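Colleague: Please pick one part of this model and walk me through it closely, with the cut-offs behind each term.

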Amino acid sequence: MSEHFDSYDASYGEVVEGSIRFSGLQHDFFLAAKADLLRRLVGERCLRQGGADVRGLDVGCGVGALHPYLDGAFDRLDGCDVSQKSLARARRDNPHITYTACTTDRLPYQDGAFDLAFASCVVHHVPPASRPNFFHEMRRVLRQGGVACIIEHNPYNPLTRIAVFRCPFDEDAVLLGAGEAARLLRDAGFRYIRSEHFLLLPSARPFARKVERALAALPLGAQYACVAYA
Ligand SMILES: C[S@@+](CC[C@H](N)C(=O)[O-])C[C@H]1O[C@@H](n2cnc3c(N)ncnc32)[C@H](O)[C@@H]1O
């Protein structure tokens, strides 16, 4: 698995652009929508306890493409990945963020270290048999009351299916729907699980985002976020 994404350290952005070009949208648009969603979670979920820093963890951060869009969202953001070459690129591009390699099935952090842990387009690359452990590890590194956010491709959206089919690094992808993500979260001990579909409309305008949120329960958007409390 590590070697798989090591080959895309220099070309990750261009490869994603190539697979979504047919939609007329750019990678930036997707990254900004995910960052907006994560910022909303940090705000909504009252993650700041007293005066303590809000700590975020990006599990499977890859080359750190999302991190410039999250500037200021957390007091401290960490990223980890199994791909050492992706992490080297992430370190070059985002020198203020701490990146750590995942070298075993255990995430390289202490229990309860984070307020919010997210994994964006990672789980479909984790073999189904390894997913329960992946979710348990996300639960372990969150403090009591911390939030997990799993962002995934919506397998019921035909345009998403085309993008995945066209993306060379998705050759190993085993997509999972929001129901399956929720089940994995529940089995790992998470509570108050909810899903929202997003990236339905090709606009980042506030009105478009409002419409998307009104329709978020329906499996229409290109991706979904499954959110749960530890
Ligand atoms: C499609 S990329 C997504 C990268 C980034 N999250 C983003 O949204 O741009 C998937 C990433 O997940 C990483 N990955 C896959 N399995 C992993 C695991 N078990 N633990 C940590 N990272 C993993 C891969 O190395 C790759 O960098």
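**A strand covered on both faces**

Modeller: Happily! Strand β1 is covered on both of its faces, with Arg55, Leu57 and Val59 buried on one side and Gly56 and Asp58 buried on the other. This is a predicted model, where local features need pLDDT of at least 70 and side-chain atom pairs count only at pLDDT 80 or more, while totals for chains, interfaces and linings use all residues. Numbering starts from 1 along each chain as its sequence is written.

The strand spans residues 55-59, and five of its five residues are buried (20 or more other C-beta atoms within 10 Å of a residue's own, with C-beta atoms placed from the backbone). Strands here are DSSP runs of E with at least two residues, numbered from the N terminus.

Now for its partners. β1 runs parallel to β2, residues 76-81, and five bridges join the two. Strands pair if DSSP finds at least two bridges between them. β1 also runs parallel to β4, residues 114-120, through three bridges. Leu57 is a handy residue to follow through both pairings: it stands opposite Asp78 in β2, and it also faces Ala117 in β4.

Since you may be looking at the ligand too, 19 residues are around it, and those that come nearest are Phe5, Gly60, Gly62, Ser83 and Ser120 (near means a C-beta atom, placed from the backbone, within 6 Å). Of these neighbours, Ser120 is at a position within the span of β4, residues 114-120.

Note on methods. Buried ≥ 20, exposed ≤ 12 C-beta atoms within 10 Å, placed from the backbone. Helix = DSSP H or I, 4+ residues; strand = E, 2+ residues; numbered from the N terminus.
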